[in-house]
Amino acid sequence: MKTAVLEKFKELFGDTDGVSVYFAPGRVNLIGEHTDYNGGHVFPCALTIGTYAAARKRTDRKLHFYSMNFEKLGIIESSLEDLTPSAEAGWTNYPKGVIWAFAGRGMAMDCGLDIVISGNIPNGSGLSSSASLEVLTGYLLRDQYGFDVTNIDLAQIGQYSENHFNGMNCGIMDQFASAMGRKDHAIFLDTADLSYEYAPLKLQGAKIIVTNSNVKHSLVNSAYNERRSECEKALEELRTVIDIHGLGDMSEEQFEAHKSAIRSEIRQKRAKHAVYENRRTIRAVEALKADNIGLFGELMNASHVSLRDDYEVSCDEIDILVEEAWKIDGVIGSRITGGGFGGCTVSIVSDGAVDRFRTEVGAAYRRRTGKTADFYVVEIGDGPAKL
Ligand code: GLA
């Protein structure tokens with residue numbers, strides 16, 4: 001990948017003198033879904049796949065972006081004078097949003113950039129290609145312009161740009177996982193105060209398999225933003241009867257005792273998911289630490305049921321992948337991962353069952369949906385790097 005972005009850079013911009021190459025990973029979340037904007041816990045890990053960039057400062061104020069994933073679009077030109085989102089800017093709204101967010105924090109670039117990007121995260125898979133692009137941009141800006149920011153700042157700047165430049169009201173999980181990843185560890189993050197802990201992934205002879213449904217339903221961002229506002233409204237209603245900051249503060253018992261304050265059945269279901277999922281995440285990490293991988297898997301399965309029935313962010317294709325996975329001996333747990341409405345599932349599968357998993361889930365998916373799923377036995381990698 002490094003050679004490929006450098007060669008493309010040379011082809012487009014003449015030479016590679018003074019060019020640096022960077023990488024930022026995508027992520028998969030093991031458990032703790034739709035809890036990150038509710039002050040709850042998440043348990044994601046960075047992948048070894050992600051987004052690469054070759055970049056070099058310019059002497060003028062122009063910005064030249066090129067993506068090897070969207071070659072037909074050619075070089076997309078912009079400038080530091082034009083940091084506003086637009087439909088024509090397409091994918092470059094992500095790096096531009098980050099440049100804009102840095103400038104808003106008093107870290108304005110004094111000259112433009114030429115950037116060539118290439119990513120190996122499957123498009124639209126829900127493995128956070130956009131967060132990896134945001135973290136990558138922040139990381140390279142820090143290196144090129146000497147901005148004084150930590151990796152956690154990079155995650156927050158990425159999230160801010162996605163919320164305020166790109167109109168997606170996401171939480172901090174994806175950017176945090178990309179910016180703070182550690183090889184063979186998952187990150188147990190409390191989104192209420194950003195305290196975190198690395199947990200070694202001792203899977204006792206099992207692999208993490210990501211299955212891509214290759215389905216991406218439309219209106220994902222608006223449905224996501226709607227879930228988020230339903231939770232905010234439910235929190236407001238609960239706060240009339242109990243003193244809490246976020247849904248993540250509540251135990252299941254407290255929720256059951258006070259849920260009648262939420263005056264719509266839909267919002268009750270949404271809040272129930274947020275509260276119970278947060279508790280499941282805490283228990284899952286305890287189970288992993290205690291080498292109880294079986295319990296970890298059961299909690300993953302319960303997470304899926306809750307996302308399907310109470311939070312309603314699954315879809316038929318994903319439910320089929322999960323149901324078929326559950327049928328296979330050697331599958332420890334399987335659930336939807338990420339924002340939902342398509343994308344991927346994550347499964348923990350004993351080594352001996354990996355081949356059967358691919359064959360049987362793949363065949364059943366084809367038979368039941370007419371579509372093809374892709375399977376990746378993923379490796380857990382480090383955060384961003386200059387290569
Ligand atoms: C998307 C968002 C994250 C998180 C997940 C759901 O990936 O970007 O912030 O809310 O959905 O857990």
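How do the residues of the shell around the ligand divide into nonpolar, polar and charged? That was my starting point for this predicted model. I found four nonpolar, four polar and four charged residues in the shell.

**Entry: who is in the shell.** I listed the residues around the ligand next. From the earlier part of the chain come Arg27, Glu33, His34, Asp36 and Tyr37. Further along I noted Cys170, Gly171, Met173 and Asp174. The list ends with Tyr224, Gly338 and Gly339.

**Entry: polar contacts.** I then looked up how oxygen atoms of the ligand meet the protein. At Asp174, an N or O atom of the side chain is 2.6 Å from a ligand oxygen. At Gly171, a polar backbone atom lies 2.9 Å from an oxygen of the ligand. For Gly339 I again found a polar backbone atom, with a ligand oxygen 3.4 Å away. I also checked the cover: the ligand taken alone exposes 300 Å², and the protein buries 95% of that.

**Entry: where the ligand sits.** I looked for the pocket and found the ligand in the largest one. The domain assignment gives domain 1 as 2-200 and domain 2 as 206-377. Why does the ligand lie between the two domains? Both domain 1 and domain 2 give residues to the shell around the ligand, so the ligand lies between them.

**Entry: the two domains together.** Last, I looked at how the domains meet. Their centres, taken over C-alpha atoms, are 26 Å apart. I noted 30 residues of domain 1 in contact with 40 residues of domain 2.

Definitions and conventions:
Residues numbered from 1 in each chain as written. Predicted model: local features only at pLDDT ≥ 70, side-chain atom pairs only at ≥ 80, totals over all residues. Heavy atoms only, no water. Near = heavy atom within 4 Å. Polar contact = N/O pair within 3.5 Å; in protein donor to acceptor, adjacent residues only side chain to side chain. Areas by Shrake-Rupley, 256 points an atom, 1.4 Å probe, with all protein chains shown as cover. 1 Å grid on protein atoms, 1.4 Å probe; cavity = no way out; pocket = protein on both sides within 12 Å on 5 of 7 lines; lining within 4 Å. Sits in = over half its atoms within 2 Å of the grid points. Nonpolar A, V, L, I, M, F, W, Y, C, P; charged D, E, K, R; others polar. Domains from an automatic or database assignment. Contact = heavy atoms within 4.5 Å.
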